Amino acid sequence: IAAEHGMVVAQERLAAQVGADILRQGGNAVDAAVATGFALAVTYPRAGNIGGGGFMVIHSAGRNEDVAIDYRETAPAAMTHDVFLGPDSKPDTDKSRNSALGIGVPGTVAGLALALEKYGSGRFTLAQIVKPSIDLARDGFVVADDMADTLPDMYRRMARWPNSAKAFSRDDGTPLKEGDRLVQAELAATLSAIAEQGPVGFYRGPVAEKLAKAVGNAGGIMTAEDLKSYQAVIRSPVRGNYRGYDIVSMPLPSSGGTVLLETLNILEGFPVADIKQGSAPSLHVMIEAMKRAYADRARYLGDPAFVNAPVNVLITKEYAARQRATI
């Protein structure tokens with residue numbers, strides 16, 4: 001969709017249109033991002049949902065300010081270090097990936113609301129931002145594109161849960177197909193509670209109680225108290241530079257910014273502009289740089305509440321020079 005003076009990019013068309021409409025009404029980038037985020041909870045359920053969490057990096061030209069908002073899921077208070085081990089004391093991937101033990105305390109609602117409150121334009125209430133998502137969930141939309149392609153495979157996992165099976169099924173019990181309409185009445189009710197009460201409508205009261213009960217019934221350990229105590233966190237971004245460009249990115253617990261800066265610092269010592277892009281030599285230096293950055297990610301990085309990671313060393317030019325010398 002052609003745009004002027006602003007653009008919204010998302011993984012699903014309807015959600016991007018919701019954000020673009022907010023821009024047209026005078027909203028700023030954060031207003032549009034939050035509106036798009038809530039819309040993705042409806043139109044891109046396999047990844048955009050309010051049951052998850054995320055990160056946001058904001059550059060405010062007017063304030064000359066850069067901030068990072070951490071609203072990633074957190075582990076329930078009852079989590080232990082061996083919860084995902086099998087009887088043989090080895091990792092059990094079925095426990096971590098397919099059971100309710102792997103459900104974290106969701107952060108999306110808290111994070112998006114915090115972003116809107118502190119960095120939005122002030123022209124919109126949370127209720128106004130969430131309304132398009134409520135309408136999409138209540139009235140439904142036509143299944144197409146990515147959802148039509150992925151739902152048949154995803155449905156085999158989701159069908160274990162009665163509410164999911166009901167929402168994403170045809171009357172004959174088969175998954176929705178391209179051209180069908182997806183209506184999510186219960187999601188519309190949850191979004192309405194958020195619109196009316198703010199994050200409290202999600203983290204306390206009937207929605208929180210239903211959520212905790214459902215997780216518990218499925219064998220998980222997340223509780224209503226876990227939901228009540230969740231807090232999104234404003235952090236300072238990680239910073240660096242690459243060939244004259246300033247880099248501002250997400251800090252821990254996201255590994256993305258640290259890995260990006262380390263990779264770029266290593267690459268900076270190679271004449272990448274003189275190497276044909278896509279050629280074996282160009283792929284070689286990129287792969288080797290990324291290998292080293294991701295090895296450091298696996299060894300050192302983690303949640304700063306529990307891990308003292310040497311980020312200030314990993315993102316230095318001196319450390320990159322030592323890494324580069326091994327390629």
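Me: Which class describes Gly219: buried or partly exposed?
Reply: The model is predicted: local features need pLDDT of at least 70, side-chain atom pairs count only at pLDDT 80 or more, and totals for chains, interfaces and linings use all residues. Residues are numbered from 1 along each chain as its sequence is written, and side-chain values use heavy atoms, with hydrogens and water left out. Buried means under 20% relative accessible area, exposed over 50%, and partly exposed in between (1.4 Å probe, protein chains only). The relative accessibility of Gly219 is 41%, so this residue is partly exposed.

Me: What is the C-alpha to C-alpha separation of Gly219 and Ser99?
Reply: Gly219 lies in the loop between helix H10 (205-217) and helix H11 (224-228), where helices (H or I, at least four residues) and strands (E, at least two) are DSSP runs numbered from the N terminus. Ser99 is 120 residues away from Gly219 in sequence. In space, their C-alpha to C-alpha distance is 7.4 Å.

Me: With which residues is Gly219 in contact, leaving aside its neighbours within four places in sequence?
Reply: Contact means heavy atoms within 4.5 Å. With its neighbours within four places in sequence left aside, the partners of Gly219 are Ala100 and Leu101.

Me: Which residues does Thr43 touch, not counting residues up to four places away in sequence?
Reply: Thr43 belongs to helix H2 (residues 29-43). With a relative accessible area of 3%, Thr43 is buried. Not counting residues up to four places away in sequence, Thr43 touches Glu12, Leu14, Ala15, Leu136, Phe141 and Met147.

Me: Which residue in the turn between E1 and E2 has a positive phi?
Reply: Two strands pair if DSSP finds at least two bridges between them. Strand E1 (residues 54-60) and E2 pair in the antiparallel sense over 7 bridges, with His59 and Asp66 as one pair of bridge partners. The two strands form a hairpin with 4 residues between them. The positive phi in the turn, about 55 degrees, belongs to Asn64.

Me: Which residue in E5 stands opposite Ala68?
Reply: Strand E2 (residues 65-71) is mostly covered, since 6 of its 7 residues are buried. E2 is joined to strand E5 (residues 233-235) by 3 bridges, and the two run antiparallel. Opposite Ala68, in E5, stands Arg235.

Me: How many residues apart in sequence are Arg239 and Asp66?
Reply: A salt bridge is a side-chain nitrogen of Lys or Arg within 4 Å of a carboxyl oxygen of Asp or Glu. Arg239, which is partly exposed at 45%, forms such a bridge with Asp66, the closest N and O atoms being 2.9 Å apart. The pair links distant parts of the chain, for Arg239 is in strand E6 (residues 238-242) and Asp66 in strand E2. The separation in sequence is 173 residues.

Me: Why does the pair of Arg46 and Asp146 tie together separate parts of the sequence, and how many residues apart are they?
Reply: Arg46 is partly exposed with a relative accessible area of 40%, and Asp146 is partly exposed with 25%. Their side chains meet in a salt bridge (2.8 Å, N to O). Because Arg46 lies in the loop between H2 and E1 while Asp146 lies in helix H6 (residues 145-158), the pair ties together parts whose separation in sequence is 100 residues.

Me: Which residues are joined into one network by salt bridges that share partners?
Reply: A search of the whole structure finds 14 salt bridges. One of them links Asp139 and Arg138, with the closest N and O atoms 3.1 Å apart. Salt bridges that share partners join into one network Lys131, Asp135, Arg138 and Asp139.

Me: Which residues form one aromatic cluster?
Reply: Rings of Phe, Tyr and Trp (its six-membered ring) pair if their centres lie within 6.5 Å; planes under 30 degrees apart count as stacked, over 60 as edge-to-face and the rest as tilted. There are 2 aromatic pairs by this rule, and Phe202 with Tyr203 is edge-to-face at 4.9 Å centre to centre and 80 degrees between the planes. Tyr203 and Tyr230 have ring centres 5.9 Å apart and planes at 5 degrees, so this pair is stacked. The one cluster is formed by Phe202, Tyr203 and Tyr230.
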